[in-house]
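Student: Please take a close look at a single part of this model. I should like one connected account, with the cut-offs behind each term.

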Amino acid sequence: MSDRPGRVQRRGEPARPPDRLGAILDDAVPRVCSAAVALIAVDGAVAAAAATGELVRYTDADGTLAADRPTARRDSIFDLASVSKLFTTAVLLSLADEGRIALDEPAAAWIPGLDRRITLRRLLTHTAGLTPTRRIDLELPAADPAERLAALLNTPITHPVGGPYLYSDVGMIMAGRLAELAGGAPLDVLVRSRVTGVLGLADTGYRPDAPARVAATEWKRERPGPGCVRGEVHDETAYALGGVAGHAGVFATADDLLVFGETLRLGGGPVLRPESVAEMVRDQGAEGAAFRHGLGLRIGDPAIAGPLRGGAYGHSGFTGTSLLIDPARRVTVVLLTNAVHPVRGRDGIRELRHAVAAEALRLA
């Protein structure tokens, strides 16, 4: 892979021989997750790549083995969960680059009735004082996505505004709606036109249209269809909003996510101005977290960084995904898993992320 994001080594190339990264994934599958794909790029070149496991292993919460268990490949597609927040943030910063929205203006300028202390910067740093989440599907079981979104946008402030840090999916859903209003299009369209389309990420987006390549997630009794969730967003709130939301819903391959990560590492072009990326990865001063917080991302998050502490930034996803970028070492690390298949709460994903990060440090 060269320094230009569009030149990432793509899927379909000859498989690399077994290596340490492959052994790390093999040790975790199927104990931690049924499928895993990892890529490590050093100074713009893919230094290690591995894929192992089965995209669908179980049919129910009891762990009944599926009759058809397709093999995970480098081009398999995973539900990114909260890693989606990075795409929402990129859209918003691209709109800010064009002067369509400002980080510190009251969000009420776009969504009348909001507390005027709520700003885009506070939404992206989880310091707007909003509750962590709302199960809007349970609150409004008969409502449509538009009604549910309207209810979420009316969520009252329940915690101090400006900090301390309080993780809030509600805040990122508001941020996604701000993007739609400022950008004049639905969020999935904005992500495609401003990020994935620009970078040529054909396998990244909401509501994937290649279900045979998608890794299954959790068994959910309330969802239609037999078996575990596959090809639709795992997150309950994003699902209740129609599959597209500011906090979750994006699916991607490891190669596509690597291109996106390298785009940020190299300054954002052609998606963002370097100044916007610099602001995105700057410590915004949010207090009370186990890490520093940029705009829509975490800096030095011990949950994913392992030995790559310091200025390494990125985000993790509840499904078992993570993107980590270490600009000082010129390293980008992608780990895609389905650690919620067939049930959430499995042990070992933190240790797996640390092991992959340690291998990246060794290769740097």
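**A helix contact and its surroundings**

Tutor: In helix H2, Phe87, Thr88, Ala90, Val91, Ser94 and Leu95 meet Leu187, Leu190, Val191, Arg194, Val195 and Thr196 of helix H7, where contact means heavy atoms within 4.5 Å. The model is predicted, so local features need pLDDT of at least 70 and side-chain atom pairs count only at pLDDT 80 or more, whereas totals for chains, interfaces and linings use all residues. Residues are numbered from 1 along each chain as its sequence is written, and side-chain values use heavy atoms, leaving out hydrogens and water. Helices (H or I, at least four residues) and strands (E, at least two) are DSSP runs, numbered from the N terminus.

By class, this contact has 8 nonpolar, 3 polar and 1 charged residues; Ala, Val, Leu, Ile, Met, Phe, Trp, Tyr, Cys and Pro count as nonpolar, Asp, Glu, Lys and Arg as charged, and the others, Gly among them, as polar. The axes of H2 (residues 84-97) and H7 (residues 187-199) come within 9 Å and cross at roughly 75°. Such axes are lines fitted to C-alpha atoms, for helices over the stretch in contact, with angles from 0 to 180 degrees between N-to-C directions. H2 and H7 are therefore roughly perpendicular (65 to 115 degrees; under 35 is roughly parallel, over 145 roughly antiparallel, the rest oblique).

Phe87 also leads beyond this contact. The whole structure holds 2 aromatic pairs, that is, rings of Phe, Tyr and Trp (its six-membered ring) with centres within 6.5 Å, stacked if the planes are under 30 degrees apart, edge-to-face over 60 and tilted otherwise. The ring centres of Phe87 and Phe260 lie 4.1 Å apart with planes at 15°, so this pair is stacked. It joins H2 to helix H9 across 173 residues, and both Phe87 and Phe260 are buried (under 20% relative accessible area; exposed is over 50%, partly exposed in between, with a 1.4 Å probe and protein chains only). Tyr165 and Phe291 form an edge-to-face pair, 5.4 Å centre to centre with 80° between the planes.

H9 brings us to the sheet. There, 7 strands form an open, antiparallel sheet in the order E2-E1-E10-E9-E8-E7-E6, two strands being paired if DSSP finds at least two bridges between them. Its edge strands are E2 (45-53) and E6 (292-293). H9 (residues 254-265) packs on this sheet, touching E1, E2, E8, E9 and E10, and its direction makes about 150° with that of E10. Helix H12 (residues 349-363) likewise touches E1, E2, E8, E9 and E10, at about 150° to E10.
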